[in-house]
Amino acid sequence: MSFNVVKDKGVTVITVAADEKSMLPPLCQIMKSLCYSPVCCSVNRGMIQTSVAVALGTIQIMVGLFNIGLGPGRTSLHPDDFAHLGVAYWLGGVFILTGIMSILAGQFPSRCLVISSVVINIIGSLITIFGVVLYAIDIFDVTDANMCDWERYKSREDDNCTSVMHFFQRIVVAMDITMIVLTVLQLCVSINMTLLGIKGVCTLRKGKQGGRADEADQPLLKEVLMTSPGA
């Protein structure tokens with residue numbers, strides 16, 4: 001599929017020539033052409049700082065692995081709670097995906113990858129805020145949970161169930177507090193990566209606009225030099 005873009009007086013006209021041999025619908029053909037176009041896929045090393053993007057992406061992947069690693073140690077206390085919904089697993093998956101996109105955008109800083117990384121980091125930031133709320137709710141659920149049969153143990157002086165319950169609550173609360181801190185760190189990293197990507201795209205756009213302005217001024221400069229008395 002080939003397409004032509006014509007701009008005139010604030011109006012942009014896109015003419016698309018569909019590929020009749022392709023099994024894809026026209027919309028998918030347009031998206032394929034845009035994604036594989038040199039403008040979108042060309043690597044611009046000056047667009048984004050590679051070392052910073054790779055470092056931020058590595059932190060995001062590590063936080064995601066921590067989420068998934070601490071998931072199996074949780075016990076569901078009631079339906080639709082933190083462990084029953086598997087929040088640790090899908091949060092970790094989102095964090096890892098965000099980190100992978102950040103690293104790819106840093107290693108291969110094309111416009112397509114950088115914009116995709118910005119979008120995924122914005123979505124990841126919203127999910128991160130939701131994750132902090134879920135971790136906080138889980139703390140209240142664990143501290144208010146009753147795991148012992150008080151009718152059975154109320155006559156005993158040595159209540160082993162109560163000791164185990166308090167130990168379990170302290171462990172889970174410590175895990176939740178740790179993950180809240182790491183999730184907040186994930187939020188800060190995602191925001192920084194988003195700002196870094198937006199800055200890179202804006203810098204690239206300004207650079208292209210400046211280059212076009214210089215090309216437009218060259219004929220005028222040549223004409224002035226040719227008409228000057230000393231030429």
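Which helix does Met-101 lie in? I looked this up first and found Met-101 in helix α5. I keep in mind throughout that the model is predicted.

**Entry: Met-101**

I checked the accessibility of Met-101 and read a relative accessible area of 12%. Met-101 is therefore buried, as the cut-off is under 20%. I then listed its contacts, leaving out residues up to four places away in sequence: Met-101 touches Leu-113, Ser-116, Ser-117 and Ile-120. For the last of these I also took the backbone distance. Met-101 and Ile-120 are 19 residues apart in sequence, and their C-alpha atoms are 7.7 Å apart.

**Entry: Thr-98**

I stayed in helix α5, which covers residues 87-107 and holds Thr-98. Is Thr-98 buried or exposed? I read a relative accessibility of 1%, so Thr-98 counts as buried. Its contacts beyond four places in sequence are Gln-60, Ile-120, Asn-121, Gly-124, Gln-186 and Ser-190. Ile-120 is thus a name I had already noted, as Met-101 touches Ile-120 too.

**Entry: Trp-90**

Trp-90 is another residue I looked up in helix α5. I found a relative accessibility of 34% for Trp-90, which means that this residue counts as partly exposed. Setting aside neighbours within four places in sequence, I noted contacts from Trp-90 to Leu-85, Ile-127, Phe-130 and Leu-134. I also took the distance to Gly-64: the C-alpha atoms of Trp-90 and Gly-64 are 9.1 Å apart, with their positions 26 residues apart in sequence.

**Entry: nonpolar cores**

How many residues does the largest nonpolar core have? I counted 15, and the residues with the most contacts inside this core are Phe-82, Val-87, Leu-91 and Tyr-135. Helices α5, α6 and α8 are the elements that give two or more residues to this core. Helix α8 gives the most, with five residues. I followed Val-87 one step further: beyond four places in sequence, Val-87 touches Phe-82 and Leu-134. Leu-134 also appears among the contacts I had noted for Trp-90.

Apart from this core I found another, of 11 residues. Its members include Met-47, Val-114, Val-201 and Leu-204.

**Entry: helix α8**

Helix α8 spans residues 160-227, and I looked up two of its residues. Leu-187 is found in helix α8. Which residues does Leu-187 contact, once neighbours within four places in sequence are left aside? I found Ser-125, Thr-128 and Ile-129. The C-alpha atoms of Leu-187 and Thr-128 are 6.0 Å apart, although the two residues are 59 apart in sequence.

Ile-177 also has its place in helix α8. I read 45% relative accessibility for Ile-177, so this residue counts as partly exposed. I then took the distance from Ile-177 to Tyr-135, a residue I had noted in the largest core. Ile-177 and Tyr-135 are 42 residues apart along the chain, and their C-alpha atoms are separated by 7.8 Å.

**Entry: surface patch**

Which residues make the nonpolar surface patch of about 440 Å²? I noted Ile-122, Leu-126, Ile-129, Val-133 and Ile-137. Ile-129 had come up before, as a contact of Leu-187. I looked further at Ile-137, whose place is in helix α6, residues 111-143. Its relative accessible area is 43%, so Ile-137 is partly exposed. That value is over the 30% that a residue needs in order to be part of a patch.

**Entry: the whole chain**

I turned last to the chain as a whole. Its secondary structure comes to eight helices and two strands. Along the sequence I read the pattern β-β-α-α-α-α-α-α-α-α. The chain has 231 residues, and 31% of them are buried. About 14,700 Å² is exposed, with carbon and sulfur atoms supplying 67% of this area. Of the contacts with a separation of 6 or more, 71% join residues 24 or more positions apart.

**Entry: confidence**

I noted a mean pLDDT of 75 for the chain, with 63% of the residues scoring at least 70. Which element has the lowest mean pLDDT? I found helix α7, residues 150-153, at 54, while helix α3, residues 50-69, has the highest mean at 91. Where pLDDT is low, the predicted coordinates should not be read in detail.

Methods
Residues numbered from 1 in each chain as written. Predicted model: local features only at pLDDT ≥ 70, side-chain atom pairs only at ≥ 80, totals over all residues. Heavy atoms only, no water. Patch = residues over 30% accessible without salt bridge, like charges linked within 9 Å, V, L, I, M, F, W, Y side chains within 5 Å. Areas by Shrake-Rupley, 256 points an atom, 1.4 Å probe, with all protein chains shown as cover. Salt bridge = Lys/Arg side-chain N within 4 Å of Asp/Glu carboxyl O. Helix = DSSP H or I, 4+ residues; strand = E, 2+ residues; numbered from the N terminus. Buried < 20%, exposed > 50% of the residue type's maximum accessible area, 1.4 Å probe, protein only. Contact = heavy atoms within 4.5 Å. Core = buried A, V, L, I, M, F, W, Y, C linked by side-chain atoms within 4.5 Å. pLDDT = per-residue confidence, 0-100.
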